[in-house]
Amino acid sequence: MDSATLIGMVSIFTAGITMGIGSIGSALGEGRAVAQAMTAISQQPDESGTISRTLFVGLAIIESVAIYCLVVSMILLFANPFWSHFTTR
Amino acid sequence: MEILKIGEITPDAVILWQAGWIKLNVTILYTWITMAALTILSWLATRRISSGRSFGQWQNFLEAVVETISGQIRDIANEQPGKYIAFIGTLFLFIAFSNFFMELPGYVPPTSSLSTTAGLAICVFFAVPVYGIANEGFLSYLKQYTKPTPLMLPFNIMGEFTRTLALAVRLFGNIMSETKIAAILLAVIPFFFPVIMQALGLLIGMIQAFIFTVLAMIYIASAERVGTEERQANEK
């Protein structure tokens, strides 16, 4: 196995694993946040504007970890610097 | 036809025209197109502006937009939106329109490039001390970095940089992945499913524009709230 094959294999595997493990935490966190916001809206429907704005901002912050993982795996799949170093040589 | 190939994750790499060291890439071109669209639309809408009882539908639309933005600012900052609306409103309109035009074929949203989003995030990074010093004065602005205890000083300074990075990468990641997912699905399931993803992309684009703006406003407001609360505590 030459190094280009090895890099390709490891990159694809790591991209999948990054996405898989990286999204667990924010999926759980987002589910919990939405559930709590639903409870809050059903208890106080008058405050739904404030609650949903805070919910969106909170979701964006929780989600950003998963987005970092997405960016890393996108870079590994589409713009891999190690791969292009070996293939353009 | 396809400007951005599927293997390229940033439109910065596609150079349309080059003279010496001046390069015109796709990001700059589409930023200009978005700016021109916004300017022409605003010019057309405000050309025959009237304060009377009869006004055009475009004026009505723009008034609704401005009223919504200033209402949101008033809710978050608990003060009059006058001095924020130029900055915050421009951020929102630029991001929202460039995400909205993503649905047009052949349009590459400038927010799908990390350099555009980093530029917008750096604007927010500098706007926070500018508004903070203008409202609080230089020393009391600097004092809020030592706020709970002086031990937190390095973490507060670090947080200032990491939240700028987070702001840039969040917008870039969402919009870039949306354009990529549309292209990948087009290759896998060509006919119906990409339409649904485009509709979802419209929603994601609007939510991301909203979130970017609200976070920028929260960062600016939180730099001022510390001083305001302290003054209120002293008056009691």
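**Exercise 1.** Which residues make a nonpolar surface patch of about 710 Å²?

*Solution.* In this predicted model, local features need pLDDT of at least 70 and side-chain atom pairs count only at pLDDT 80 or more, whereas totals for chains, interfaces and linings use all residues. Residues are numbered from 1 along each chain as its sequence is written, chains are lettered from A and ligands numbered from 1 in the order in which they are written, and side-chain values use heavy atoms, with hydrogens and water left out.

The patch consists of B:Ile184, B:Val188, B:Ile189, B:Phe191, B:Phe192, B:Phe193 and B:Ile196. Patch residues have over 30% relative accessible area and no salt bridge, like charges being joined within 9 Å and nonpolar side chains (Val, Leu, Ile, Met, Phe, Trp, Tyr) within 5 Å; accessible areas come from the Shrake-Rupley method with a 1.4 Å probe, and for residues only the protein chains shown count as cover.

Next, place the patch on the fold: helix 6 (153–188) and helix 7 (193–235) of chain B each supply at least two of its residues, and B:Val188 is found in helix 6. Helices (H or I, at least four residues) and strands (E, at least two) are DSSP runs numbered from the N terminus, and chain B has 7 helices and 2 strands, in the order β-β-α-α-α-α-α-α-α along the sequence.

**Exercise 2.** Describe the contact between chain A and chain B.

*Solution.* Begin with the residues: chain A gives 15 and chain B gives 23 to the contact (heavy atoms within 4.5 Å). The buried area, which is the accessible area (1.4 Å probe) that two parts lose on being put together, summed over both, is about 1,600 Å², and carbon and sulfur atoms give 79% of this area. Of the area that chain A buries against chain B, A:Arg53, A:Met74 and A:Phe78 supply 36%, more than any other three residues.

**Exercise 3.** Which residue of chain B forms a salt bridge with A:Arg53?

*Solution.* A salt bridge requires a side-chain nitrogen of Lys or Arg within 4 Å of a carboxyl oxygen of Asp or Glu. The partner of A:Arg53 is B:Asp75, with the closest N and O atoms 3.5 Å apart. Since A:Arg53 lies in helix 2 (residues 48–78) of chain A and B:Asp75 in helix 2 (residues 57–77) of chain B, the pair joins two chains. The rule finds 1 salt bridge across this interface, while the structure holds 3 over all chains.
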